[in-house]
Amino acid sequence: STSPLILIDGVEGDFNRKRLWQRALIVFAGPFMNLALAVALFWVMGVMGSLELSSRVAEPEPGTPAAAAGVKGGQYVTELGGMPVSSFIDLQMKLMRCGAGVTTITVRSGEDAKGERASRYEIDLRGVGFDKDPAKSSLLREAGLLPWTGPVTLAEVMPGSAAEKAGLRAGDQVLAADGRPVSGADALVRVISARAGGALRLRVQRGAEAEEVTVAVPEARDEGDGRRSARIGVRISARPDLVLVRQGPGEALVKGVSQLWDVTAVSLEMMGRMIAGEASVKNLSGPVAIADYAGKAARAGLHAYLYFLAMISV
């Protein structure tokens, strides 16, 4: 026996009976609302205003692209790769857009607020690990573009610690470590870690006097992953350079569209690099990782959470 073939004709309103341009608009509506939501969230954040890290950078580590280019600690980055930079998160976004190649960086001093005496340098980013796992590397650190944290002061010296035995006191300002200027808290932590099991010579400012102190750095093991670490028993105080970012309704809308373009461009460029093998596929995160980041962003505050939602929408 044979079974009859049954054909069901769609009614006039069915999707598959619409014209091509109508179906295209229907399919586009979903992604469009995601993009519109991102712009709306960026707009809300712009109108609300927030304190953000400025584009001021710490003294670049010797051998990094920024150091080789001529960037100095305390300068503000105003342009990277021909793209304007307004804050530190903007600098990070522009760095990701530049990718591994030779481009330009423009910096100004703190006194030159209008950038009238800004300097532009060529910067070679070909050695920066854009193809590495982002969880195990820092593009900003490899490029030599870390945020400025101001003078590094010892807020507290733990009783019985190596720092106390060496004669360090709360209130000491760390000027140099092993003869090299300390540009920020992050730099000091790296130097201490590198001296695990050895000795570290610190130059500190105490009142009107500058003193040399030698600290024996005890080696320790991280309880979480067992990696080698070092602690001398101090709590570091630093003052990051913050700027209040707030716009009027119209300006915030323009800025929101601009941020949408930046995030979209970074996303597409990063996908292209992953296909070409120039970026790690670890840049892709699954639902579990996204949920984890969402929780962290929510704990960090409303602004961080809204920014995370905008990024995910794009």
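Phe28 and Phe32 both belong to helix H1, where they lie four residues apart, about one turn of the helix. The model in which they are found is a predicted one. This briefing covers the aromatic pairing, a nonpolar surface patch, and two arginine side chains placed over aromatic rings.

**Aromatic pairing**
- Two aromatic pairs are present in the structure.
- One of them joins Phe28 and Phe32 in a tilted arrangement, with 5.8 Å centre to centre and 40 degrees between the planes. The pair counts as tilted because planes under 30 degrees apart would be stacked and those over 60 edge-to-face.
- Phe28 has a relative accessibility of 44% and therefore counts as partly exposed.
- Phe32, with a relative accessible area of 43%, is likewise partly exposed.

**Nonpolar surface patch**
- On the surface, a nonpolar patch is formed by Trp43, Val47, Leu253 and Val257, which together have about 320 Å² of accessible area.
- Helix H1 (20-48) and helix H7 (249-276) are the elements that contribute two or more residues to this nonpolar patch.
- Val257 is located in helix H7. Its relative accessibility is 44%, so Val257 counts as partly exposed; the buried class lies under 20% and the exposed class over 50%.

**Arginine side chains over aromatic rings**
- Arg56 is placed over the face of Trp148, at 4.3 Å from the ring centre.
- Arg108 is placed over the face of Tyr76, at 4.3 Å from the ring centre.

Conventions. Residues numbered from 1 in each chain as written. Predicted model: local features only at pLDDT ≥ 70, side-chain atom pairs only at ≥ 80, totals over all residues. Heavy atoms only, no water. Patch = residues over 30% accessible without salt bridge, like charges linked within 9 Å, V, L, I, M, F, W, Y side chains within 5 Å. Areas by Shrake-Rupley, 256 points an atom, 1.4 Å probe, with all protein chains shown as cover. Salt bridge = Lys/Arg side-chain N within 4 Å of Asp/Glu carboxyl O. Buried < 20%, exposed > 50% of the residue type's maximum accessible area, 1.4 Å probe, protein only. Phe/Tyr/Trp six-rings, centres within 6.5 Å; stacked < 30°, edge-to-face > 60°. Lys NZ or Arg CZ within 6 Å of the ring centre and 35° of its normal.
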